[in-house]
Amino acid sequence: IPTHGLQPLRPATEAQFAFLCLDDAEIASSAALKQSLVKWFKLDSADAIHEWKFDPETRTFSWRIGRSRFVATLELLPIPRDDIRYSANNSLHWPDAEKEMLQHQTHFTISCVSIHREPWHTALDLSHAIAALTETHKSTGIYWGDASILHAPESFLKQASYQLGETGKLPGGLWVGILFESDTKGGWNIFTDGFSPLGHPDIEIHSSQLQR
(Lines give C-alpha, C1' and ligand atoms only; values in the text may rest on other atoms or scores of the structure.)
Protein backbone atom coordinates (compact mmCIF):
# COMPACT_ATOMS: atom_id res chain seq x y z
CA ILE A 1 0.00 0.00 0.00
CA PRO A 2 1.59 3.35 -0.95
CA THR A 3 1.89 5.66 2.05
CA HIS A 4 3.68 8.65 0.51
CA GLY A 5 1.69 11.83 0.93
CA LEU A 6 -0.88 10.39 3.34
CA GLN A 7 -1.97 12.70 6.13
CA PRO A 8 -3.04 11.52 9.60
CA LEU A 9 -6.76 11.77 10.27
CA ARG A 10 -6.08 13.45 13.59
CA PRO A 11 -3.31 16.06 14.00
CA ALA A 12 -0.68 15.40 16.63
CA THR A 13 -1.47 16.98 19.97
CA GLU A 14 0.52 20.04 21.01
CA ALA A 15 1.87 19.65 24.55
CA GLN A 16 3.57 22.48 26.43
CA PHE A 17 4.64 22.89 30.04
CA ALA A 18 6.17 25.36 32.49
CA PHE A 19 6.92 25.63 36.20
CA LEU A 20 5.45 27.75 38.99
CA CYS A 21 7.88 28.16 41.89
CA LEU A 22 6.42 28.59 45.38
CA ASP A 23 7.48 29.87 48.79
CA ASP A 24 6.01 26.83 50.55
CA ALA A 25 4.09 23.56 50.06
CA GLU A 26 0.60 24.85 50.86
CA ILE A 27 -1.97 23.82 48.23
CA ALA A 28 -5.04 25.90 47.42
CA SER A 29 -8.50 24.40 47.75
CA SER A 30 -10.26 23.09 44.65
CA ALA A 31 -12.95 25.72 45.09
CA ALA A 32 -10.43 28.58 45.14
CA LEU A 33 -8.54 27.29 42.11
CA LYS A 34 -11.73 26.70 40.13
CA GLN A 35 -12.89 30.24 40.90
CA SER A 36 -9.58 31.61 39.62
CA LEU A 37 -9.76 29.47 36.46
CA VAL A 38 -13.24 30.85 35.75
CA LYS A 39 -11.75 34.34 35.96
CA TRP A 40 -8.69 33.72 33.77
CA PHE A 41 -10.49 31.67 31.11
CA LYS A 42 -13.51 34.01 31.06
CA LEU A 43 -15.92 31.15 31.75
CA ASP A 44 -19.58 31.56 32.60
CA SER A 45 -19.19 29.31 35.62
CA ALA A 46 -17.14 26.46 37.07
CA ASP A 47 -19.47 24.08 35.21
CA ALA A 48 -17.31 24.76 32.12
CA ILE A 49 -14.37 23.07 33.89
CA HIS A 50 -14.67 19.37 33.05
CA GLU A 51 -13.09 16.17 34.39
CA TRP A 52 -11.86 17.93 37.52
CA LYS A 53 -9.76 15.82 39.85
CA PHE A 54 -7.38 16.38 42.75
CA ASP A 55 -5.21 13.54 44.03
CA PRO A 56 -3.88 14.46 47.50
CA GLU A 57 -1.40 11.59 47.47
CA THR A 58 0.43 12.86 44.37
CA ARG A 59 -0.58 16.51 44.97
CA THR A 60 -1.96 16.65 41.42
CA PHE A 61 -4.78 18.69 39.90
CA SER A 62 -6.16 17.71 36.49
CA TRP A 63 -8.98 19.19 34.43
CA ARG A 64 -10.19 20.07 30.94
CA ILE A 65 -11.39 23.37 29.51
CA GLY A 66 -12.60 23.30 25.92
CA ARG A 67 -10.06 21.42 23.81
CA SER A 68 -7.25 21.76 26.32
CA ARG A 69 -6.33 19.34 29.11
CA PHE A 70 -4.23 20.39 32.08
CA VAL A 71 -2.21 18.63 34.76
CA ALA A 72 -0.54 20.48 37.65
CA THR A 73 1.60 18.51 40.09
CA LEU A 74 3.27 19.99 43.16
CA GLU A 75 6.84 18.76 43.59
CA LEU A 76 8.23 19.07 47.12
CA LEU A 77 11.62 20.32 46.00
CA PRO A 78 12.99 23.38 44.20
CA ILE A 79 14.14 23.69 40.60
CA PRO A 80 17.92 22.95 40.48
CA ARG A 81 19.92 26.04 41.42
CA ASP A 82 22.09 25.95 38.28
CA ASP A 83 18.97 26.03 36.09
CA ILE A 84 17.66 29.03 38.03
CA ARG A 85 20.96 30.89 37.76
CA TYR A 86 21.23 30.25 34.02
CA SER A 87 17.66 31.39 33.36
CA ALA A 88 18.04 34.41 35.64
CA ASN A 89 21.02 35.52 33.56
CA ASN A 90 18.72 35.50 30.52
CA SER A 91 15.94 37.40 32.29
CA LEU A 92 16.99 41.01 31.76
CA HIS A 93 13.38 42.08 32.35
CA TRP A 94 13.64 40.91 36.02
CA PRO A 95 16.92 42.15 37.55
CA ASP A 96 16.26 40.45 40.92
CA ALA A 97 15.33 37.09 39.40
CA GLU A 98 18.24 35.08 40.80
CA LYS A 99 17.97 36.55 44.30
CA GLU A 100 14.23 35.96 44.49
CA MET A 101 13.98 32.60 42.74
CA LEU A 102 16.80 30.88 44.61
CA GLN A 103 14.64 31.16 47.73
CA HIS A 104 11.73 29.07 46.42
CA GLN A 105 11.02 25.78 48.20
CA THR A 106 8.63 23.83 45.95
CA HIS A 107 7.21 24.04 42.45
CA PHE A 108 4.24 23.06 40.32
CA THR A 109 4.87 21.39 36.98
CA ILE A 110 1.96 22.47 34.78
CA SER A 111 1.31 20.89 31.38
CA CYS A 112 -1.27 21.66 28.71
CA VAL A 113 -2.21 19.37 25.84
CA SER A 114 -4.48 20.82 23.17
CA ILE A 115 -5.75 19.38 19.88
CA HIS A 116 -6.74 21.04 16.59
CA ARG A 117 -5.32 24.40 17.66
CA GLU A 118 -2.43 26.71 16.86
CA PRO A 119 0.59 26.14 19.14
CA TRP A 120 0.40 29.67 20.53
CA HIS A 121 -3.21 29.00 21.57
CA THR A 122 -1.83 26.19 23.75
CA ALA A 123 0.78 28.55 25.17
CA LEU A 124 -1.94 31.07 26.00
CA ASP A 125 -4.12 28.44 27.69
CA LEU A 126 -1.09 27.27 29.68
CA SER A 127 -0.40 30.88 30.68
CA HIS A 128 -3.96 31.31 31.93
CA ALA A 129 -3.73 28.10 33.95
CA ILE A 130 -0.44 29.23 35.48
CA ALA A 131 -1.98 32.62 36.26
CA ALA A 132 -4.81 30.93 38.18
CA LEU A 133 -2.31 28.85 40.15
CA THR A 134 -0.10 31.89 40.73
CA GLU A 135 -2.77 34.02 42.33
CA THR A 136 -4.03 31.18 44.56
CA HIS A 137 -0.60 30.21 45.95
CA LYS A 138 2.38 31.91 47.60
CA SER A 139 4.23 32.27 44.33
CA THR A 140 7.92 33.11 43.97
CA GLY A 141 8.03 33.22 40.18
CA ILE A 142 7.44 31.39 36.92
CA TYR A 143 10.13 29.39 35.10
CA TRP A 144 9.27 29.05 31.40
CA GLY A 145 11.69 26.26 30.59
CA ASP A 146 11.24 26.27 26.79
CA ALA A 147 12.41 29.89 26.76
CA SER A 148 15.04 29.57 29.54
CA ILE A 149 13.65 32.65 31.28
CA LEU A 150 12.00 33.58 34.57
CA HIS A 151 9.07 35.89 35.30
CA ALA A 152 8.05 37.75 38.44
CA PRO A 153 4.47 36.87 39.45
CA GLU A 154 3.13 40.42 39.05
CA SER A 155 4.63 40.84 35.58
CA PHE A 156 3.41 37.42 34.48
CA LEU A 157 -0.16 38.08 35.62
CA LYS A 158 -0.24 41.41 33.82
CA GLN A 159 0.90 39.93 30.49
CA ALA A 160 -1.19 36.76 30.83
CA SER A 161 -4.38 38.85 30.95
CA TYR A 162 -4.42 38.76 27.13
CA GLN A 163 -7.42 36.85 25.76
CA LEU A 164 -7.81 35.04 22.43
CA GLY A 165 -9.36 37.38 19.87
CA GLU A 166 -8.13 40.63 21.42
CA THR A 167 -6.46 43.15 19.13
CA GLY A 168 -3.65 43.99 21.55
CA LYS A 169 -0.10 42.70 21.54
CA LEU A 170 0.41 38.97 22.09
CA PRO A 171 2.29 38.18 25.32
CA GLY A 172 5.17 36.61 23.38
CA GLY A 173 7.62 37.83 26.00
CA LEU A 174 6.25 35.15 28.31
CA TRP A 175 7.13 32.36 25.86
CA VAL A 176 10.30 33.45 24.04
CA GLY A 177 13.65 34.27 25.63
CA ILE A 178 16.64 36.19 24.24
CA LEU A 179 19.95 34.57 25.17
CA PHE A 180 23.46 36.02 24.90
CA GLU A 181 26.96 34.64 24.72
CA SER A 182 30.17 36.57 24.15
CA ASP A 183 31.68 36.24 20.67
CA THR A 184 35.40 35.49 20.35
CA LYS A 185 35.58 38.24 17.72
CA GLY A 186 33.94 40.74 20.06
CA GLY A 187 30.35 41.64 20.72
CA TRP A 188 27.59 39.14 21.35
CA ASN A 189 26.02 36.12 19.75
CA ILE A 190 22.27 36.43 20.36
CA PHE A 191 19.79 33.55 20.23
CA THR A 192 16.07 33.24 20.72
CA ASP A 193 14.72 30.29 22.68
CA GLY A 194 11.08 29.24 22.71
CA PHE A 195 9.93 29.78 19.11
CA SER A 196 10.11 26.06 18.26
CA PRO A 197 7.18 24.99 20.51
CA LEU A 198 5.19 27.81 18.89
CA GLY A 199 5.81 26.34 15.43
CA HIS A 200 8.51 28.77 14.25
CA PRO A 201 12.29 28.56 13.83
CA ASP A 202 14.46 30.29 16.39
CA ILE A 203 16.66 33.24 15.38
CA GLU A 204 20.44 33.65 15.66
CA ILE A 205 22.46 36.87 15.36
CA HIS A 206 26.25 36.62 15.37
CA SER A 207 28.84 39.20 16.46
CA SER A 208 26.26 41.84 17.35
CA GLN A 209 27.75 45.10 18.64
CA LEU A 210 24.60 46.06 20.50
CA GLN A 211 24.80 46.62 24.24
CA ARG A 212 23.51 43.62 26.14
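The chat below walks through a predicted model of a single chain.

Q: To start with the whole thing, how many helices and strands does the secondary structure of the chain come to?
A: The predicted model has five helices and ten strands in its chain.

Q: And what box do the C-alpha atoms fill?
A: Taken along the principal axes, the C-alpha atoms of the chain fill a box of roughly 60 × 55 × 35 Å.

Q: What radius of gyration does the chain have, next to that of a compact globule?
A: The chain has a radius of gyration of 19 Å, and since a compact globule with 212 residues would have one near 17 Å, the value agrees with that expectation.

Q: What share of the residues is buried?
A: Buried residues account for 43% of the 212 residues in the chain.

Q: Which helix could I check for covering and for length?
A: Helix α4 (residues 119-135) can serve for both, and as to covering, 15 of its 17 residues are buried, which leaves the helix mostly covered. As to length, the 17 residues of α4 should span 24 Å at 1.5 Å a residue, and the end C-alpha atoms are 25 Å apart, so the two values agree.

Q: Switching to strands, how do β3 and β4 pair up?
A: Strand β3 (residues 60-65) runs antiparallel to β4, and six bridges join the two. Together they form a hairpin with two residues between the strands, and in that turn G66 has a positive phi of about 60 degrees.

Q: Which residue in β4 does W63 stand opposite?
A: W63 stands opposite F70 in β4.

Q: What about β4 and β5, how many bridges there?
A: The pairing of β4 and β5 is antiparallel and extends over eight bridges, with L74 standing opposite F108 in β5.

Q: S114 caught my eye, so where is it, and is it buried or exposed?
A: S114 belongs to strand β5 (residues 106-114), and because its relative accessibility is 1%, S114 counts as buried.

Q: What does the S114 side chain reach?
A: It reaches the backbone oxygen of R67 at 3.4 Å, and a polar contact of 3.1 Å also joins the side chains of S114 and S68.

Q: Back to the aromatics, how many pairs are there?
A: The count comes to nine aromatic pairs. Among them is the pair of F41 and F70, which is edge-to-face, with 5.7 Å from centre to centre and 75 degrees between the planes.

Q: Which parts of the chain does that pair link?
A: It links distant parts of the chain, 29 residues apart, with F41 in the loop between α1 (30-40) and β2 (50-55) and F70 in strand β4 (residues 68-75). Both F41 and F70 are buried.

Q: Which aromatic cluster do they sit in?
A: F41 and F70 belong to one aromatic cluster together with W52, F54, F61 and W63.

Q: Any other edge-to-face pair worth a look?
A: F180 and W188 form an edge-to-face pair as well, at 5.9 Å centre to centre and with 80 degrees between the planes. W188 has a relative accessibility of 25%, so it counts as partly exposed.

Q: F180 has a bridge partner in β9 too, so which residue is that?
A: The bridge partner of F180 in β9 is I190. Strand β9 (residues 188-193) and β8 pair in the antiparallel sense over six bridges.

Q: In what order do the strands of that open sheet come?
A: The three strands come in the order β8-β9-β10, and the pairing in this open sheet is antiparallel. Because β8 (177-182) and β10 (204-208) stand at the edges with a single partner strand each, one side of each is left without a neighbour in the sheet. From one strand to the next, the twist averages 20 degrees.

Q: Last topic, which residues other than glycine have a positive phi?
A: As background, most residues other than glycine have a negative phi. E51 has a positive phi, near 55 degrees, and S207 likewise has a positive phi of about 55 degrees although it is not a glycine.

Q: Where do those two lie, and how accessible are they?
A: E51 is in strand β2 and is partly exposed, with a relative accessible area of 46%. S207 lies in strand β10, where its relative accessibility of 28% makes it count as partly exposed.

Note on methods
Residues numbered from 1 in each chain as written. Predicted model: local features only at pLDDT ≥ 70, side-chain atom pairs only at ≥ 80, totals over all residues. Heavy atoms only, no water. Pairing = 2+ DSSP bridges. Helix = DSSP H or I, 4+ residues; strand = E, 2+ residues; numbered from the N terminus. Axes fitted to C-alpha atoms, helices over the stretch in contact; angles between N-to-C directions. Phe/Tyr/Trp six-rings, centres within 6.5 Å; stacked < 30°, edge-to-face > 60°. Buried < 20%, exposed > 50% of the residue type's maximum accessible area, 1.4 Å probe, protein only. Expected span 1.5 Å × (residues − 1). Polar contact = N/O pair within 3.5 Å; in protein donor to acceptor, adjacent residues only side chain to side chain. Rg over C-alpha atoms; globule rule 2.2 N^0.38 Å.
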